[in-house]
Amino acid sequence: MRSVRTLATAAAVGAMILTFGGCGSSDDNKSSNGGATFTPPDLPMKKSLGKGEGAVSILAWAGYAEKEWVTPFEKATGCKATVKYFNTSDDAVNLIKSGDYDVVSASGDASLRMIAAGSVEPVNTDLVPNYKDVYPFLKDRPWNSVNGQMYGIPHGYGANLLMWNKKDVNPAPTDWSVVFGPDAAKYKGKVTAYDSPIYIADAALYLMNTKPDLKIKDPYALDQKQLDAAVALLKEQKKNVGEYWSDYAKEQSAFETGDTVVGTTWQVIASAVDPKKADVEAILPDSGSTGWSDTWMVATKSKHKNCAYLWMNDIISPKANAAVAQYFGESPSNPKACEFAAKGFCDTYHAGDAAYAAKIHYWNTPTAACLDGRKNVKCTDYQQWTQAWTEVKG
Amino acid sequence: MQDVPRKRGVLHRHPRLRLGLLLSPPMLWLGVAYLTSLAVLLITAFWTTNTFTTEIERVWNLDNFRQLWNIDVYRTITIRTLWIAVLVTVVDALIAFPIAFFMAKVASRRWQRVLLIAVLMPLWASYLVKAYAWRAMFSGTGPLNWALDPIGLHLGYGLTATVITLAYLWLPYMILPMYAGLERVPDSVLEASADLGAKGGTTIRRVVLPILWPALFAGSIFTFSLTLGDYITVKIVGGTNQMIGNAVYDSALTGNNLPFAAALACVPVVIMLVYLAAVRRTGALDNL
């Protein structure tokens, strides 16, 4: 009985705290980052490559470190690999802080956060011989370098595509208005969208093309007014959305059962949908799309940096890069990989097609300092996007 | 050879030492692993994070609770979650009562055992398997909608699907305490009621239910608290809906805002404490 009484007391205390929380002062609207420009911690870069330490701990997107190409790497370098897969960019940002991992595959919406937190260090590209072969349009980009210093090795890239079921969606859509515009109501309850705050950028991109008054220049640099407009659009869209997807199997099955007929997707999912169950088509609309460009980075606290560099060099070697690109369903970063990939693979994924790549707005981390270079206004940061996303879902 | 009896003698001569050794591991588990984590949760709720690097900054403030209070969406989510928890509990109680009554009072001993195994059997299967099975059921082309189609009904992913799935998942936790509670009711009491002229319904209302209250509350604590904390089922069959658990998950893992997630996680804790206090007032806990 005593324990119950203690619980009741605790409840009273808890309630008091909540009430207290409700009536505190409400003057401040502070953000700890306060629009300051972003300077990464001053960390040393590796100067020379020594002998492998015999082990490497890899933190990767699911599908990026499979036996097929990890085993040959282990044999060639003597670095015994342990692999941990993460689910979302946000998981990766958390996990890399632990110091348990040597090397990480980061998308653009995670890389800058890792650099700013000092979790990863600058990369000496001279120590990665295969780097010279990487497509030039992937080098020195805002999501993998700071002030001209590379922080990683480009791995591969892809676009978030528009997919639809050809039987149910007529006429064939040509751009995102089928999920954001008035047409979406025709497929009420059967539209899908990606379940992550970063999907706000997809709405912002649509507004960038359709509402010039809002003056959105970069879907990842939204001031409060622009974010509000994107959120309003997403709330409107929600009426037609059947469900949001965050894992690949869920979307695949939703298309196969017919519960979803149109929405955003990845090429790998489009290829996985069983054509007997659903006849789907996926395109990159002319008006562009969001997408990802992934980078391998070295953890600051790593104790196996030689092996980490050896891994980064190996994963962009033509053979391994071809294997991983085919396994995951994205364009490789090394053009020489196309010789090892299945016939027509590089064409399907538009590898090296700079015009295609230019239509992709790669995932980036929204920050208080506007990424599009505006100085007179403060942009919304990723935490605000997270809360906005919770609000969209209601 | 002489050593062993002497050592045994120490424990025998000092009953307090014996009791201390016996109780300290479970008390440590309760105190350190359980209460400390709750305390850490509460403390974290008063900190904040750097919005860019997402490092936790140990500055004491009430911003998290203020946001929780001021932003409408969290109230909507809390109320929705509460509703789901209440509905799941009511549905479970309504389904569990006849089953438990039949098991305890009507079925033969052999059937009693068979039914008990049948009730427990779903607990052998993984939670996810069961939730995904319901996902297939609620699919537009699934068996449920095939069966409902002739009467013009359609049940897709959404809140109804969430309530049904959760009620299915937690049903054994309601049946078992009810069954145990009903077993304690002597048959003679029911017979006496019948002898005095009460019909079946009156007996249940005036004799069985008052004895059953504690068991019902015990079961409801399970179904209610398990539903309050659940965030997976709603992801699988809930369509676009979200519950408190999802909001906590999103702030902690997506937004990397651990302090806000901690503040949000205090909401179900407080609801549960209020519920326990209310149950306690009814006196149901004294009879557990």
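Author: A nonpolar core is a set of buried Ala, Val, Leu, Ile, Met, Phe, Trp, Tyr and Cys residues joined through C-beta atoms within 7 Å, where buried means that 20 or more other C-beta atoms, placed from the backbone, lie within 10 Å of a residue's own (exposed: 12 or fewer; partly exposed: in between). The model is predicted, so local features need pLDDT of at least 70 and side-chain atom pairs count only at pLDDT 80 or more, while totals for chains, interfaces and linings use all residues. Residues are numbered from 1 along each chain as its sequence is written, and chains are lettered from A and ligands numbered from 1 in the order in which they are written.

Reader: How many residues does the largest nonpolar core have?

Author: The residues with the most contacts inside the largest nonpolar core are A:V103, A:I200, A:A204, A:M297 and A:W311; a contact here is a pair of C-beta atoms, placed from the backbone, within 7 Å. In total, the number of residues in this core is 113.

Reader: Which helix gives the most to this core?

Author: Helices are DSSP runs of H or I with at least four residues, strands are runs of E with at least two, and both are numbered from the N terminus. With eight residues, the main contributor to the core is the helix of chain A that spans residues 200-210, namely α6.

Reader: From which domains of chain A does the core draw at least three residues each?

Author: An automatic or database assignment, from which the domain bounds come, divides chain A into two domains, each made of two segments. The core takes at least three residues from each of them, that is, from domain 1 (55-157 + 293-353) and domain 2 (161-265 + 368-393).

Reader: Is α6(A) mostly covered or mostly open, and how many of its residues are buried?

Author: The buried residues of α6(A) are A:I200, A:A201, A:D202, A:A203, A:A204, A:L205, A:Y206, A:L207 and A:M208. They pack against α5, α7, β11 (262-265), β13 (289-299), β15 (360-362) and α14 (382-393) of chain A. The helix is mostly covered, and the count of buried residues among its eleven is nine.

Reader: Which residues are in contact with A:I200, leaving aside its neighbours within four places in sequence?

Author: A:I200 is among the residues with the most contacts inside the largest core, and it is one of the buried residues of α6(A). Beyond four places in sequence, its partners are A:A230, A:L234, A:W385, A:A388 and A:W389.

Reader: Where in chain A is the residue A:K215, and is it buried or exposed?

Author: A:K215 has a positive phi, near 55°, although the residue is not glycine, whereas most residues other than glycine have a negative phi. Its place is the loop between α6 and α7 (224-238) of chain A. Because 12 other C-beta atoms lie within 10 Å, A:K215 counts as exposed.

Reader: What is omega at the cis peptide bond that joins A:N170 and A:P171?

Author: A:P171 sits in the loop between β8 (161-165) and α5 (177-180) of chain A. The bond from A:N170 to A:P171 is cis, with an omega of about -10°.

Reader: How far apart are A:Y64 and A:Y85, C-alpha to C-alpha?

Author: A:Y64 lies in the loop between β1 (55-61) and α2 (67-77) of chain A, and counts as buried because it has 24 C-beta neighbours inside 10 Å. Outside four places in sequence, A:Y64 is in contact with A:S105, A:V324 and A:F328. A:Y64 and A:Y85 are 21 residues apart in sequence, and in space their separation is 8.3 Å.

Reader: How are α8(B) and α10(B) oriented to each other?

Author: Helix α8 (residues 159-183) of chain B packs with helix α10 (residues 200-229) of chain B at about 160°, with the axes 8 Å apart; axes are lines fitted to C-alpha atoms over the stretch in contact, and angles run from 0 to 180 degrees between N-to-C directions. Among the residues that meet are B:W170 and B:Y173 in α8(B) and B:L216 and B:F222 in α10(B). Angles under 35 degrees count as roughly parallel, over 145 as roughly antiparallel, 65 to 115 as roughly perpendicular and the rest as oblique. The angle therefore makes α8(B), relative to α10(B), roughly antiparallel.

Reader: At what angle do helix α12 and helix α13 of chain B cross?

Author: Among the residues that meet are B:V248 and B:S251 in α12(B) and B:L264 and B:V267 in α13(B). The two helices are roughly antiparallel to each other. The axes of α12 (residues 244-254) and α13 (residues 258-281) come within 8 Å, and their crossing angle is roughly 165°.

Reader: How far apart are the C-alpha centres of domain 1 and domain 2 of chain B?

Author: Chain B is divided into domain 1 (3-44) and domain 2 (75-287). Between their C-alpha centres the distance is 35 Å.

Terms used: Contact = placed C-beta atoms within 7 Å.
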